Amino acid sequence: MTTFDPITLEILWNRCRTILNEEIAGLIRAAFSPIIREAKDCSAGLYDSAGNFMTHADEGECHIRQTVKCLLEKFSPEELAPGDVLISNDPWKVGGHINDTAVVVPIFFNGRVAGFTAYLGHHIDMGGRGFSADSTSLYEEGILIPPVKLFSAGEPSLDIFEMVSNNIRHPEVVLSDIRAQMGAAEAAANKIAAMMGEFGLTGLDELSHAMIASSEEATRAAITAIPDGIYRHTVYTDGYDATDPVKMMLTLTIKGSDIIIDYSGSSPQSMYGINLVYNHTLALTHQCLMCTIFPHVRDNEGSYRPLSLIAPEGGIMNAKYPAPVMARHLTGFYIPSAVFGALARVIPDRVVADSAAVSNFGVIGTNERGDPMVGICTCLGGMGARATKDSPTTLFPFVIADIPIEVIENEFPLFVRKREMVQDSGGPGTYRGGLGQEIEVQVRSQKPATFFCMQERINHPPLGFRGGLPGAKADLVINNTIRPHPKKGYMLQPGDTVRIRANGGGGYGPPVRRNPEAVLADVRNEYVSAEQARKVYRVAIDSAGASVDRNMTKRLRARNGARGNGAKTTARPRPRTTQKRSPRGKPQRV
Amino acid sequence: MYRIGCDIGGTFTDVVVLDTERGEVHAGKVLTTPDDPARAAIEGLRTVCAERGIALERDVQHLIHGTTLVINTLIQRAGAKTALLVTEGFRDFLEIGRGSRYDNYDINIDMPQPLVPRRWRRGIRERIDAQGVVRTKLNESQARRVVRELVKDGVEAMAVCFLHSFRNPVHERRMRELIRKEAPSIEVSLSCEVIPEIREYERASTTVANAFALPPTRRYLANFSERLKQLRFGGEFLMMLSHGGITTPEVAGQVPIRILESGPAAGAVLAAFLGERLGYPRILSFDMGGTTAKSCLIDDCKPQVTKEFEVARMARFKKGSGLPINLPVIDMMEIGAGGGSIARLDAMGLLTVGPLSAGADPGPVCYGRRGTAPTVTDADLLLGYLDPAYFLGGSMRLSKRAAAAVVEQQIAKPARLTAIEAAWGIHNIVDENMANAARVLAVEKGVALADYTMIAFGGAGPVHAFNVCRKLGIGRFLVPHAAGVASALGFLVAPLSFDFIRTYILKLTDFDHTTLNRIYREMENEGRRLLAKAGVAAEQVTIMRSADMRYALQGREIDVAIPSGPLGPEHRQHILDAFASAHMQKYNWSHPDLEVMGVNWKIVASGPRPLVSLNHPDGGGDGEARKSEREMYVPEFKEMRLCPVYNRYHLRPGFACEGPAVIEERESTIVIGAGGGATVDELGNVVVTVPGVSAPTGAC
C-alpha cells in the first residue's frame with residue numbers, strides 16, 4: 001500500500017479539486033439552461049474504482065455521493081470500455097428528483113477503470129407535468145432515465161437520445177446541457193488520468209483511501225469534541241395542505257465519534273411531491289452537520305462514515321418508489337431547523353436561527369412561435385441570524401444562485417415587475433435575520449401559461465433563537481387578490497401577475513439588546529421601519545432620522561424589564577390547522 | 001527617439017526610458033508623493049531626462065503610465081460618496097448579488113458590503129423590456145427629485161444601471177442629462193457605457209466601482225496632463241489598461257475601472273516578455289515593491305487574462321468574496337507585503353508583518369522621514385542586505401542607527417531577542433507570507449511550482465527572492481537589469497495597441513457580411529487613426545480581428561478569430577468552423593445542428609514590436625566586479641559573516657560567484673544565500689541557483 005506524505009497528499013487533493021472546478025466552470029459557461037448557467041444548480045464529483053466518493057467541485061450542491069455506487073450496481077467496471085458514458089436521473093440513485101441528471105464517465109488508466117467522474121445538472125424540463133409539487137406519483141413527474149449507456153465506446157445510443165427528446169419540452173436545451181455535462185466529465189476524466197501519469201500513480205484507490213481516511217479522522221475528532229448525548233428536536237412544516245402539516249422528528253445521538261441521525265416518528269410519506277428519498281435526506285443532514293460540527297473538514301466518503309441514518313421506509317424522509325419527489329426541497333429545507341434545533345441544546349453558539357424556505361415556482365408558457373417556454377425561478381429569503389452577527393439575504397445552508405432579472409426576461413415567459421427586499425421582514429433580535437425578498441412576475445406569453453406554486457413557510461415562519469423573533473412569513477398572491485393553494489398548479493392568462501414573498505430569517509437574542517446604533521443604521525437604510533425600531537427594538541430615533549434619542553431609548557427599554565417580550569414569541573409554535581385559501585376567480589386548477 | 005514608462009506605486013515611482021533606435025534602457029526611481037502622486041512622477045521624469053540629455057519637447061514619442069490609484073481607492077473605500085440609480089422595484093440586487101455564498105459551510109461568513117449603502121440606492125420610474133422596447137417612459141420629475149435628494153444628502157457621484165440598458169441605452173443617457181441639469185458637478189457613470197453586457201448585478205457592480213473611483217482619477221489625470229503641458233511635453237501621453245493594452249487618458253478618465261490593475265499588469269507583461277526572450281516556458285513573476293507583492297503564473301509566455309475579476313475580497317483566496325469587476329484584467333495574486341510593511345508584536349506577543357505599510361510617507365524608520373514603526377526595509381538594512389550608503393545608488397541615505405533602535409525597542413526587547421534575531425524574524429515572516437500566497441495561487445491552478453523559474457523584480461524582490469524560492473521549492477530565479485524599476489519597463493516592451501469592440505447580435509443563419517465589413521472598417525479606421533496620432537507609420541500597423549460568439553441559447557461567449565480583409569458570403573462557413581473548433585477546444589464538445597450567434601465584434605490594432613535590447617548600457621563595465629565586503633546575516637550559520645559585495649554594472653556574461661554574497665545595482669540588491677550561486681547570462685541577467693530545497697512548510 002502506498003502511503004502519501006502530507007505534502008503530496010495535499011497537492012494531489014488540490015489537483016483533483018482544481019480539475020473538477022475547472023470543468024464545472026466549463027459546464028456552467030457552456031450550458032444552455034439558466035438553471036445551470038446562472039443559478040449554477042449543478043455539481044461534480046470524483047470517485048475511485050469502487051465508486052467511493054473522493055472529492056467534489058467547490059461550486060454547487062453536493063448530493064451525488066452515492067451516484068456512482070448506485071450505477072455500479074448495474075454496470076461492473078469490467079463491462080465498461082473507453083468512450084462509454086453513463087447517464088441516469090433516477091431520484092433514488094442520483095439527485096433526489098427527476099430533474100437532477102448525472103452523467104458519469106469512467107477514468108481509464110493503463111487499460112483499466114481507475115475511477116469515475118460525475119457531473120450532475122438540474123435540467124429545466126424532464127417532461128411530465130413540469131416542475132411542480134402536485135404530482136401524485138413519479139410517473140407524472142416526467143421521464144425516468146434508468147442507469148444506461150448514453151455512449152458505448154464513443155458511439156451515441158441514438159435510441160436513447162430520441163426517446164428522451166420526444167418526452168421533454170425543450171430538447172435542444174436539455175440535450176445541449178447533457179452534452180455540456182459530458183464534455184466536462186470526459187475532460188475531467190482525461191485530466192485525472194494525466195495527473196496519475198504525472199505523479200506515477202497506478203490507480204486512484206490508494207489515493208482515495210488516503211483522502212477518505214484523512215477526512216474520516218478529522219470528522220471523528222470534531223464529533224468527539226461535542227459532548228455525548230441524545231438531542232431531540234421536532235419541527236412542523238406547512239406540508240402539502242395547510243390542514244395536514246408534516247412532522248419532522250429528529251433524534252440526534254452523539255456517541256464518541258459517531259452520530260446517529262434518527263427521523264423515526266416523522267410523518268408518513270405524502271401523496272404529493274414533497275417527499276425525500278433516503279440518500280437525499282442523508283446528504284442534506286450531512287451538510288447541516290458540516291456547517292456546525294465539522295466545517296473545516298473536506299467532505300467525501302470519509303465525512304459520511306461516522307454518520308448513520310435511520311429513516312423508516314415509507315416515511316416522508318425515506319419515500320418509497322414510485323412516490324412523487326419533485327418538490328423534495330420544500331420539506332428538505334426544514335432539515336436545518338431540525339438539526340440546528342437539536343444541536344442548539346449542546347452548541348448554541350455554533351448554530352443559526354431558522355432560515356427562509358426556498359420560495360420557487362415553475363412556469364410553462366409559450367413563445368411568439370407558440371413553442372413551449374419553460375421557466376424555473378427562486379425568490380431568495382433571509383438567512384437566520386448568528387450568535388455574533390446579522391445575516392444576509394441568501395439561500396442557506398444549501399446553495400443555488402439567483403438568476404438575473406435580465407436573463408429571466410430573456411428566457412422565461414415572464415416579465416418581472418419587482419424584486420426587492422421587504423422592510424421589517426428580518427427576524428428582530430440582538431442580531432437580525434436576513435431580509436426576505438418579494439418578487440412580482442407577470443405572464444408575458446401570448447397564450448395562457450401554467451404556473452406551479454411551490455411555497456413553504458407560509459404558516460411556519462423561520463423561528464428566532466435565544467429570544468430572537470421569527471422572520472416574516474412567506475406569501476403568495478395572484479393578481480393582488482387571490483391567495484391560491486401554495487403547492488398547486490394554475491392556468492394564468494397573459495398579463496396575470498404573481499407576487500411571491502420569501503421569508504425573513506429568524507433573529508438571534510432579544511431585540512431589546514440590539515445595539516441602538518445598529519438599529520439606527522437599519523432604519524436609515526430602510527431595512528427596518530422607525531415603527532419596528534420603536535416597538536420591537538425599543539429604540540427611539542430623533543425626528544430627523546439621523547441619531548438615536550438616547551433618553552427615550554433608555555425609557556423604552558426600561559419598560560417590562562430588559563429581556564423584553566422575546567421569550568414568548570420564540571416558543572416553538574403549534575401547527576396551525578386551518579388556513580383559508582380560495583383558489584377562486586381567474587386562475588383554474590390544472 | 002525615446003519612449004518612457006512611468007509606474008506609480010505605493011512607495012516608489014519608477015521611470016524607465018527606452019531608446020527606440022538602440023533598444024537601450026535607462027531608469028530612475030523616486031519616492032512617491034501620496035498627497036499629489038503626479039508630482040513625483042513629473043520629478044522622476046525630469047531627472048531621468050536631464051541625466052540623459054533628453055528633451056521632453058521633441059525627443060519623446062510616448063509616455064505610458066500606470067497607477068495603483070484606482071485599486072487603492074476601492075480597497076480603502078476612499079472614493080466618492082456614490083449613489084446608484086436603478087429601475088424602480090430593483091433596489092437591492094447590488095447588495096444581494098447573485099445570492100450565493102462563497103463558502104458553503106462557514107456559517108460565520110461575511111458577505112462583501114456594496115460600495116453604495118441602501119439609502120443611496122434609489123429606484124427611478126422607467127422600464128425597458130428584454131427586447132429593448134420602452135414599457136414605461138422615464139418619469140423625469142421623479143428622477144429629478146431623487147437626484148436633488150441625493151445631492152442634498154452629500155452624494156458626489158452617481159452610477160446608473162437600468163434594466164436592459166445594454167440593449168437600449170436611451171433612458172440611461174437621458175438620466176445623465178437630467179443629473180447634469182440638476183447637479184452639474186456630480187460625476188456620472190452609465191452602465192451602458194462602462195460595460196454594456198447582460199446581467200444587471202455584475203454590470204452595476206462594475207459601474208458603481210467606476211463611479212466611485214471617477215472623481216479622484218479624473219482629478220489626478222487632469223493634474224498629470226497639466227504638468228506635462230507645463231513641461232511642454234511633445235509626445236503622446238497614454239495609459240496602460242488592466243489587461244496589458246493601452247488607452248488614451250480621455251478614455252481612462254471616463255472609465256477608470258479599466259486601469260484598475262494597470263501598474264501590476266506591466267510587471268506581468270515584462271515577465272512574459274523575458275520568459276519568451278530567454279526561453280523559459282513556465283514563469284512565476286515575483287514583483288515586490290514597497291507596499292505590496294504581486295505574483296503571476298505565466299505559461300507559454302502569455303499572462304492569463306480574466307474577465308471575472310474581483311476587488312476587495314472578504315476572504316483573500318475565496319472566489320466570490322469580493323466585488324465583481326467584469327472587465328479584462330491580467331490574473332494576478334497580490335498581498336500586502338513589501339519593503340514598507342510594518343512589523344509588530346500582536347496581542348499574543350507573536351511577531352506579525354504587514355499588511356499595513358509605512359508607504360513613502362512616513363516610510364521606513366531608516367529613511368529618516370518621521371517613520372516610527374519598524375519595517376521590512378529596516379530589517380533588511382540591519383541584516384546587512386542593504387548598504388546604507390548605496391540605497392538608490394546613494395541618492396538616499398539610510399540610517400542604520402535609527403533602524404536598529406526601533407527594531408530593538410519595539411520587537412527585540414519585548415520579545416527577548418537580539419536585534420539581529422528580531423530583524424531576521426521580520427525578514428523571514430514576510431517571506432513566509434509571500435510563499436504561502438504563492439502556494440495558494442499554485443494550488444488554485446493545480447501546478448507544481450518546482451517546474452517554474454521565478455523572475456524577481458521590484459525594489460525588494462531580489463532581496464527576498466532567495467528565501468522565498470527556498471520555501472517554495474523553486475530551484476532558480478532570474479533578476480533582469482534595473483530590476484528595481486523593471487515593472488515600468490513592462491509598459492514599453494509590448495507593441496503599442498488599442499482594442500475596439502462593437503456589439504451587433506448576428507445569427508449566423510442570417511449572416512450579413514456587408515454589415516460586418518462596415519463595423520470592422522469603422523473600428524480599423526479608428527485604430528489606424530489613434531496609432532497614426534501616436535506616431536506609428538501606416539504600413540507598420542497590424543490588425544487582429546476576433547468575435548465573441550456562442551450557441552444562440554448559451555449565456556456566455558467564447559473568443560473566435562475572424563479572417564482579415566473583406567468578408568463575403570463564403571466566410572460564413574469559415575466562421576462557423578472556427579467557432580466549433582474553439583468551442584471544442586474550450587469545452588470538449590460542439591454540435592453542428594445548433595444555432596450560432598456572434599455578439600461582439602472586436603479588433604486589436606497594434607504598432608510594431610518595439611526594439612528592446614536586454615543588453616544594458618551600464619552592464620559589463622570594465623571595473624572590478626568585486627566592490628567590497630560587508631557583514632551580513634547568513635541564516636544557515638545563524639550569524640553575521642563577512643560576505644563579498646559585487647557591483648552589477650561590472651559583471652560580464654559568464655561571471656559566476658557563490659553565496660553568501662550580494663550583487664548591488666542602483667535600485668535593488670540581489671541576496672544570494674549560502675550554498676547558492678549566481679551567474680550572468682549572455683544578455684546580462686543574473687541567474688541565481690537555490691540549493692537543497694527544503695520542504696515547504698505550512699501547506700496542510
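Five residues to start with: on helix α4 of chain B, Gln142(B), Ala143(B), Val146(B), Val147(B) and Leu150(B) are the buried ones. Look down the axis of α4(B) and these buried residues fall within an arc of 140 degrees, so they line one face of the helix. Keep in mind that this is a predicted model. Below is a quick tour of that helix and of a strand pair in chain B.

**Helix α4(B)**
- An α-helix has 3.6 residues a turn, so residues three or four places apart point the same way.
- The buried side of α4(B) doesn't sit bare: what covers its buried residues includes strands β5 (82–87), β6 (121–124) and β9 (157–161), along with helix α5 (170–182), all of chain B.
- Flip to the face turned away from the buried side and you'll find the exposed residues Ser141(B) and Lys152(B).
- The length checks out too: α4(B) has 13 residues (140–152), which at 1.5 Å a residue should span 18 Å, and its end C-alpha atoms are indeed 18 Å apart.
- Just after the helix comes Gly154(B), with a positive phi of about 100 degrees.

**Strands β32(B) and β33(B)**
- Strand β32 (residues 661–664) of chain B runs antiparallel to β33(B), and 4 bridges join the two.
- The link from β32(B) to β33(B) is a hairpin through 4 residues.
- Across the pair, Val662(B) stands opposite Val671(B) of β33(B).
- In a regular strand the side chains alternate between the two faces of the sheet.
- Strand β33 (residues 669–672) of chain B is covered on both faces: Thr669(B) and Val671(B) are buried on one side, Ile670(B) and Ile672(B) on the other.

Key: Residues are numbered from 1 along each chain as its sequence is written. Chains are lettered from A and ligands numbered from 1 in the order in which they are written. This is a predicted model: local features need pLDDT of at least 70, side-chain atom pairs count only at pLDDT 80 or more; totals for chains, interfaces and linings use all residues. Side-chain values use heavy atoms; hydrogens and water are left out. The expected span of a helix is 1.5 Å times one less than its number of residues. Buried means under 20% relative accessible area, exposed over 50%, partly exposed in between (1.4 Å probe, protein chains only). The arc is that of the directions from the helix axis to the C-beta atoms. Contact means heavy atoms within 4.5 Å. Two strands pair if DSSP finds at least two bridges between them.
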